[in-house]
Each structure stands twice: as C-alpha cells, then as structure tokens.
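User: Please take a close look at one helix and the part of the fold around it. I would like a connected account that begins with its packing and then moves outwards to the rest of the chain.

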Amino acid sequence: MTDRRMVTPAAMSAADARHRRRLILGTLALIGATACSSRASQQPWTPGAIIDAATGQLYGAARQGRWVAPAGIDPQALQGREFIHYDREGVRGATTRLRSQPTAETCSNPTYRPVAASPGPAPGTYLAADWDAAPRAATRLGLDNATYRAVVSDWLATRDLTDPAPQLAQALRVDLDGDGRDEVILAAERQRGSITSTRAGDYSVLLLRLWEQDRVVTRPLLADLYPHDCTAECAPRRYRVFSTLDLNGDGHLEVIVTIQDYEALSQAIYSLDDLGQVRLSWNCGP
Ligand SMILES: [Ca+2]
Ligand SMILES: [Ca+2]
C-alpha cells in the first residue's frame with residue numbers, strides 16, 4: 001500500500017506516482033503507434049522536429065496540427081537538416097545541422113547531435129521551425145513573493161495538505177496563450193525524506209495561475225502529494241519548467257517540464273489546451 005497520491009488535471013483521484021514515468025512513456029508509445037499508421041516516410045518532410053540540445057534526445061515533431069512521436073518520423077528526413085537553437089530563456093541562437101547518433105541504452109528516444117564538432121551546445125532546444133518559437137519571453141519572479149507563496153499554500157490546503165510557508169523553487173510570469181494577460185507558473189516542493197521515502201505532508205507541485213473567463217484560477221500541471229509517511233516505496237520527484245516555446249507554430253507557448261528523481265531525468269511537453277496530456281517526451285535513466 002502506498003500513501004502517495006498524484007494529482008493531475010486528468011487524474012485527480014489517487015494514482016501511484018511511481019508509475020508516472022511509465023505513463024509518460026506509455027503515452028509516447030501510444031502516440032507513436034498512431035503516428036506509425038500514417039508513416040512519415042510516406043509524406044514529404046515538413047518542419048517541426050524538436051530535439052533537446054543537451055542530450056540530443058528527439059522529442060518528436062509538430063506537424064500540421066498534430067504531435068508526432070519519434071516512431072512516426074523518418075530518421076533519414078532529419079539527417080543533415082538545419083535546426084535552430086533556442087536557449088532556455090528563448091533566445092534564438094545559431095542554425096546547426098544535426099545527424100543521427102547512437103542512443104545511450106538508458107535513453108528512450110533517438111539521438112541527434114550537431115554534424116560539426118563544436119563545444120557542447122548550451123542547454124536548450126533545437127527546432128526545425130519556420131516560425132518564431134519564442135514570441136514572448138518568461139520573466140523570473142522573486143522566490144520570496146508572498147502572493148505566490150500564498151497561492152501554493154492555498155492550493156495545497158484544497159488538497160488537505162498544510163504548509164503555511166511553502167518555499168518556491170520557480171516562479172515564472174509569461175503570456176502563454178498570447179491574449180495579452182500573463183499566466184504564472186509556480187514550482188514548489190517539500191521533501192523531508194530520503195531518495196525513496198517521504199514524510200506525511202511532503203509534496204512536489206508545478207502549478208499554473210491561469211485566466212478562465214475574467215478570473216484567475218490555480219490549476220495543477222503536475223502534483224505529487226504525500227498525505228502519509230511513505231518508507232522506501234516513494235521516490236519523490238522534482239518538477240521544473242525547462243523552457244516555454246511555441247513548438248507547433250500556433251502562437252501559444254508550450255511548457256517543457258523537467259522531471260527529476262533519483263534514478264531518471266525526463267522532459268515532457270505540455271500545452272495549455274489540455275493540461276493533463278503529455279504531448280511528447282523523452283527519458284534518460286542513470
Ligand atoms: Ca495569457
Ligand atoms: Ca504552440
């Protein structure tokens with residue numbers, strides 16, 4: 001029996017957070033299976049491939065309004081293609097040609113790295129995009145912001161978890177959907193156990209402050225809550241916003257989230273129009 005609860009917009013009921021990473025990969029496989037049915041190799045290549053610069057991991061692509069997993073992408077279609085580097089802050093950098101590289105056994109997705117030998121790329125994202133992927137930059141807010149600490153505390157209270165003074169790990173303000181009104185993304189956690197244990201009242205959350213009609217509401221993008229002690233069966237994760245970029249050219253910024261636990265690093269793409277759905281992701285183990 002586990003005391004751990006995971007709360008997402010799509011699954012607010014109790015679920016075992018230890019399987020979260022498997023769920024992400026399962027979603028990936030499902031998307032890939034769908035994409036395979038229309039084999040990318042049957043289609044002309046269109047821009048939209050998305051690659052993590054640091055690991056070379058291919059998230060997949062955004063093509064004609066669809067998210068396409070790596071299994072739906074013809075590997076040859078990416079060979080020697082020009083990609084634009086965006087750093088984590090959304091600053092557009094150099095154009096670079098990438099080629100396929102062997103993928104580490106511990107990583108889930110195909111790997112692409114620059115053709116030319118060069119110093120390792122700055123952390124960020126390679127995109128084969130013919131649109132401006134960073135039309136709006138995020139602003140970092142102070143982590144002692146009383147208003148947003150209260151937002152986290154209040155949201156936790158709605159889940160019967162008490163922390164009157166949560167410590168923010170990230171606070172970003174950015175207009176995700178381009179409507180002229182800023183959204184806010186908040187990361188916070190309280191982890192007082194070990195790498196595999198938690199104490200009652202621990203949590204790890206990534207919350208959004210969003211406009212719905214004319215009021216601002218708090219919605220969880222990712223949230224692990226531990227209402228009870230959990231010994232040796234709970235590996236707490238840490239959620240961070242890696243970057244906010246328009247990865248599919250629709251004018252809305254997607255949120256790339258880094259998910260870290262003691263045994264693995266994942267990054268997953270989420271979009272405002274369905275917060276509970278992982279669009280694309282990759283995972284690398286120890
Ligand atoms: Ca907005
Ligand atoms: Ca978008």
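Analyst:
**Helix α3 and its surroundings**

The buried residues of helix α3 pack against four strands, namely β10 (168–174), β11, β12 and β13. The model is a predicted one, and what follows is a reading of its computed geometry.

The helix itself covers residues 146–158, and its length can be checked against a simple expectation: 13 residues at 1.5 Å a residue should span 18 Å, and the end C-alpha atoms of α3 are indeed 18 Å apart, so the two values agree. Its buried residues are Y148, R149, V151, V152, W155 and L156, where buried stands for 20 or more other C-beta atoms within 10 Å of the residue's own. Viewed down the axis of α3, these buried residues fall within an arc of 150°, and therefore they line one face of the helix. The other side of α3 carries exposed residues, which are A146, T147, D154, A157 and T158. Just after the helix, D160 takes a positive phi of about 60°.

Three of the packing partners can be followed further through their own pairing. Strand β11, residues 183–190, runs antiparallel to strand β12, residues 202–212, and seven bridges connect the two; within this pair, L186 stands opposite L207 of β12. Strand β12 also pairs with strand β13, residues 215–226, again in the antiparallel sense and over eleven bridges, with D202 having Y226 of β13 as its bridge partner. The hairpin of β12 and β13 has two residues between the strands, and Q213 takes a positive phi near 50° there. The buried face of α3 thus packs against strands that include both arms of this hairpin.

Further along the chain, an open sheet of four strands has the order β14-β15-β16-β17, with antiparallel pairing. Its edge strands, each of which pairs on one side only, are β14 (238–245) and β17 (280–284), and the twist from one strand to the next averages 15°. At one end of this order, β14 and strand β15, residues 254–260, are joined in the antiparallel sense by seven bridges, and L245 has E254 in β15 as its bridge partner.

Earlier in the chain lies another open sheet, made of seven strands in the order β4-β3-β2-β8-β5-β6-β7, also with antiparallel pairing. The edge strands here are β4 (66–68) and β7 (111–114), each pairing on one side only, while neighbouring strands of this sheet are turned by 35° against each other on average when direction is ignored. Within the sheet, strand β5, residues 82–87, and strand β6, residues 92–101, run antiparallel and are joined by four bridges, and the bridge partner of F83 in β6 is T96.

For the chain as a whole, the count is three helices and 17 strands, so that α3 is one of three helices under the DSSP assignment. Of its 286 residues, 41% count as buried. Among contacts between residues at least 6 apart in sequence, 58% join residues at least 24 apart. To return to the part you asked about, α3 has its buried residues on one face, so the picture is one of a helix with a buried side, and that side packs against β10, β11, β12 and β13, while residues including D154 and A157 are exposed on the other side.

Technical notes:
Residues numbered from 1 in each chain as written. Chains lettered and ligands numbered in written order. Predicted model: local features only at pLDDT ≥ 70, side-chain atom pairs only at ≥ 80, totals over all residues. Pairing = 2+ DSSP bridges. Axes fitted to C-alpha atoms, helices over the stretch in contact; angles between N-to-C directions. Buried ≥ 20, exposed ≤ 12 C-beta atoms within 10 Å, placed from the backbone. Contact = placed C-beta atoms within 7 Å. Expected span 1.5 Å × (residues − 1). Arc of directions from axis to C-beta.
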